[in-house]
Amino acid sequence: MNKFNATQLRTRLDNTQEGWIVQVYGGDRRLLWVLEPSHAWTFFWGVGVGLLLAVGWFNLARHSPPSPQASPTSIPAEMWVD
């Protein structure tokens with residue numbers, strides 16, 4: 001007689017908690033692309049790091065001292081082009 005084994009049921013139910021995956025197929029049933037949880041986490045990490053870099057770059061550019069440029073009066077008059 002077959003005995004009920006609860007461990008087999010438990011492992012079968014635990015396999016359902018593995019996560020998610022998105023697979024997109026074309027009209028000819030060829031796999032076009034796959035999105036897995038690791039891809040999503042990598043995307044969100046990249047967005048976060050990019051946002052931090054953009055904010056830091058903006059703050060550095062806004063608070064940096066102006067670069068010294070030659071004033072227009074230092075150019076001789078004969079070099080002026082109209």
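Phe-44 is exposed in this predicted model, with a relative accessible area of 52%, where exposed denotes over 50% relative accessible area, buried under 20% and partly exposed the range in between, as evaluated with a 1.4 Å probe on protein chains only. Phe-43 likewise counts as exposed, at 53% relative accessibility. A search of the whole structure returns 1 aromatic pair, and this pair is formed by Phe-43 and Phe-44, whose rings lie 5.6 Å apart centre to centre with 65° between their planes, an edge-to-face arrangement. Rings of Phe, Tyr and Trp (the six-membered ring in the case of Trp) are taken to pair if their centres lie within 6.5 Å, and planes under 30 degrees apart are classed as stacked, those over 60 as edge-to-face and the rest as tilted.

Because the model is predicted, local features require a pLDDT of at least 70 and side-chain atom pairs count only at pLDDT 80 or more, whereas totals for chains, interfaces and linings use all residues. Residues are numbered from 1 along each chain as its sequence is written, and side-chain values use heavy atoms, with hydrogens and water left out.

The protein chain contains 2 helices and 2 strands, which follow the pattern α-β-β-α along the sequence; helices (H or I, at least four residues) and strands (E, at least two) are DSSP runs numbered from the N terminus. Helix α2 comprises the 27 residues 37-63, and its end C-alpha atoms are 39 Å apart, in agreement with the 39 Å expected at 1.5 Å a residue, the expected span being 1.5 Å times one less than the number of residues. This helix is hardly covered, with a count of 1 buried residue among its 27. Of the 82 residues of the protein chain, 1% count as buried, and the chain exposes about 8,400 Å², of which carbon and sulfur atoms supply 64%, according to the Shrake-Rupley method with a 1.4 Å probe.

Trp-20 is located in the loop between α1 (6-14) and β1 (22-25) and counts as partly exposed, at 43% relative accessibility. When residues up to four places away in sequence are not counted, Trp-20 touches Leu-35, Glu-36, Pro-37 and Ala-40, contact being defined as heavy atoms within 4.5 Å. The C-alpha atoms of Trp-20 and Pro-37 are separated by 6.8 Å, although these residues are 17 residues apart along the chain.

A search of the whole structure also finds 1 salt bridge, defined as a side-chain nitrogen of Lys or Arg within 4 Å of a carboxyl oxygen of Asp or Glu. The side chains of Arg-30 and Asp-28 meet in a salt bridge at 4.0 Å, N to O, and Arg-30 is exposed, with a relative accessible area of 57%.
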